[in-house]
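Here is a short report for a reader who is new to this protein. Take a look at the structure, then read on.

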Amino acid sequence: MRLIAIFPLLCTLVAFILSLLCIFAGTKTGYIEQADILTLNTSMLGRLTLDTSKSSDSLLNSIENSIKGEVNDLIADVARALNIHDFYSAHLLNYCEGFYTPGPIANATVDPEKNVTRCSNQSAMFHFDPTSVIQKELKPGINLTDLQWPSAIQDAVHAVKIASRAMFALYCIGAAATGLALLGAFLGVFSGGRIAALANNGLSLLAMMALGIASAIVSAIMSKVVSEVNEHGTDVGVTASKGKTFLGMTWAATGLMSVAAIAWTYEFVAFRRQQTSYVFEGKAGRY
């Protein structure tokens, strides 16, 4: 057993677990839902529009029979009155939705916590489209135009659609390469050699590159969408936040594969120096 190879093995093992968590987080209710890519907070969506002192007559007439009586009681939680959820969390394969408990507004003693009530079906190349999701949930007779939903949000989401699909493919490649690197590292613990070190280095570099590019893409998507939502949606009660847990996981996996690649490079160089030393010693022995 080669103890020195245990270090890159452990790095690769943790990176493999993290890469799988990035892919499958949020695929069902309660399963690492906190590791979302971004969260859209719609708990106060339409609060200006639904305020009776600011609403237009046409909108009030369209919702009078269904929610007019609820507005005053639920003004702090307009999302429930509209039949939509407080938040929507985007993941790599799907999205989850739910309500804040005990309520969407923080007070001096309690901060709102997410209570996930449903997660959508998993789908490869998934792309989160909040406009479509929310429109389908709104009560009949109400549409996002009535609530002054900013078109800039949909534009931002559409702009990152191709990037989102590329990100999914890269995570799959990264996870697969990390899995192969894990197998190679396990074999490298018990049977070393320059070729094995070189092969493991190649797999580690492939995994690092795929995960690194995917991490860069998801970071850019977060910044783009969150920035646009907060810039154009705050006035109508819509905000967004980045998934810090997801960011930490994806960049940690990338960093660990970088360390593993460096370790295997060191292994390869050490084996080469060892072989060179044996050659010189053999030549010296003949004289």
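Helices here are DSSP runs of at least four residues, numbered from the N terminus. The model is predicted.

**Overall build**

The protein has nine helices and five strands. Along the sequence they follow the pattern α-β-α-α-α-β-β-β-α-α-α-α-β-α. The chain holds 287 residues, and buried residues make up 47% of them. Contacts between distant parts of the sequence count for much here. Take the contacts with a separation of 6 or more: 77% of them are between residues 24 or more positions apart. The accessible surface comes to about 14,100 Å². Carbon and sulfur atoms account for 61% of that surface.

**The nonpolar cores**

The largest nonpolar core has 55 residues. Within this core, L45, I134 and Y171 touch the most other members. Several elements give two or more residues to the core: α1, β1, β2 (87-90), α5 (130-137), α7 (161-190), α8 (194-233) and α9. Helix α8 gives the largest share, ten residues. Another core lies apart from this one. That second core has seven residues, among them A5, L182, A185 and A197.

**T250 and its surroundings**

Which helix holds T250? T250 lies in α9, which spans residues 244-285. Its relative accessibility is 1%. Buried means under 20%, so T250 counts as buried. The side chain of T250 makes a polar contact of 2.6 Å with the side chain of Y171. Y171 has already appeared above, as one of the core residues that touch the most other members. Beyond its neighbours within four places in sequence, T250 is in contact with C22, Y171, L211, S215 and V218.

**T178 and its surroundings**

T178 has its place in helix α7. Is T178 buried or exposed? At 0% relative accessibility, T178 counts as buried. Setting aside neighbours within four places in sequence, T178 is in contact with T12, A15, F16, A207, L211 and M257. L211 is also on the list of contacts of T250.

Two C-alpha distances help to place T178. V14 is 164 residues away along the chain, yet the C-alpha atoms of V14 and T178 are separated by 9.8 Å. L206 is 28 residues from T178 in sequence, and the two are 8.3 Å apart in space, C-alpha to C-alpha. L206 sits in helix α8. Its relative accessible area is 43%, so L206 is partly exposed.

**Salt bridges**

How many salt bridges does a search of the whole structure find? The search finds two. The table gives each pair with its N to O distance.

| Basic residue | Acidic residue | N to O distance |
|---|---|---|
| K114 | D36 | 3.6 Å |
| R118 | E97 | 2.9 Å |

Start with K114 and D36, whose side chains meet at 3.6 Å. K114 lies in strand β4 (residues 113-119), and D36 lies in the loop between α1 (6-24) and β1 (38-41). The pair therefore ties together parts that are 78 residues apart in sequence. K114 has a relative accessible area of 35%, so this residue is partly exposed. D36 has a relative accessible area of 4%, so this residue is buried.

Now take R118 and E97, whose side chains meet at 2.9 Å. This pair also links distant parts of the chain: R118 is in strand β4 and E97 is in strand β3 (residues 95-101), 21 residues apart. R118 is partly exposed, with a relative accessible area of 36%. E97 counts as buried, at 2% relative accessibility.

**A nonpolar patch on the surface**

Which residues form a nonpolar patch on the surface? They are L10, L13, V14 and I17. Together they have about 320 Å² of accessible area. L10 has its place in helix α1. With a relative accessible area of 48%, L10 is partly exposed. V14 is also the partner of T178 in the 9.8 Å C-alpha separation given above.

**Pulling it together**

Helix α1 gives two or more residues to the largest core, and L10 of the surface patch has its place in α1 too. Strand β4 holds K114 of one salt bridge and R118 of the other. T250 and T178 are both buried, and L211 is in contact with T250 and with T178.

Conventions: Residues are numbered from 1 along each chain as its sequence is written. This is a predicted model: local features need pLDDT of at least 70, side-chain atom pairs count only at pLDDT 80 or more; totals for chains, interfaces and linings use all residues. Side-chain values use heavy atoms; hydrogens and water are left out. Buried means under 20% relative accessible area, exposed over 50%, partly exposed in between (1.4 Å probe, protein chains only). A polar contact is a pair of N or O atoms within 3.5 Å; within protein, one must be able to donate a hydrogen and the other to accept it, and residues adjacent in sequence count only if both atoms are side-chain atoms. Contact means heavy atoms within 4.5 Å. A salt bridge is a side-chain nitrogen of Lys or Arg within 4 Å of a carboxyl oxygen of Asp or Glu. Patches are made of residues with over 30% relative accessible area and no salt bridge: like charges are joined within 9 Å, nonpolar side chains (Val, Leu, Ile, Met, Phe, Trp, Tyr) within 5 Å. Accessible areas come from the Shrake-Rupley method with a 1.4 Å probe; for residues, only the protein chains shown count as cover. A nonpolar core is a set of buried Ala, Val, Leu, Ile, Met, Phe, Trp, Tyr and Cys residues joined through side-chain atoms within 4.5 Å.
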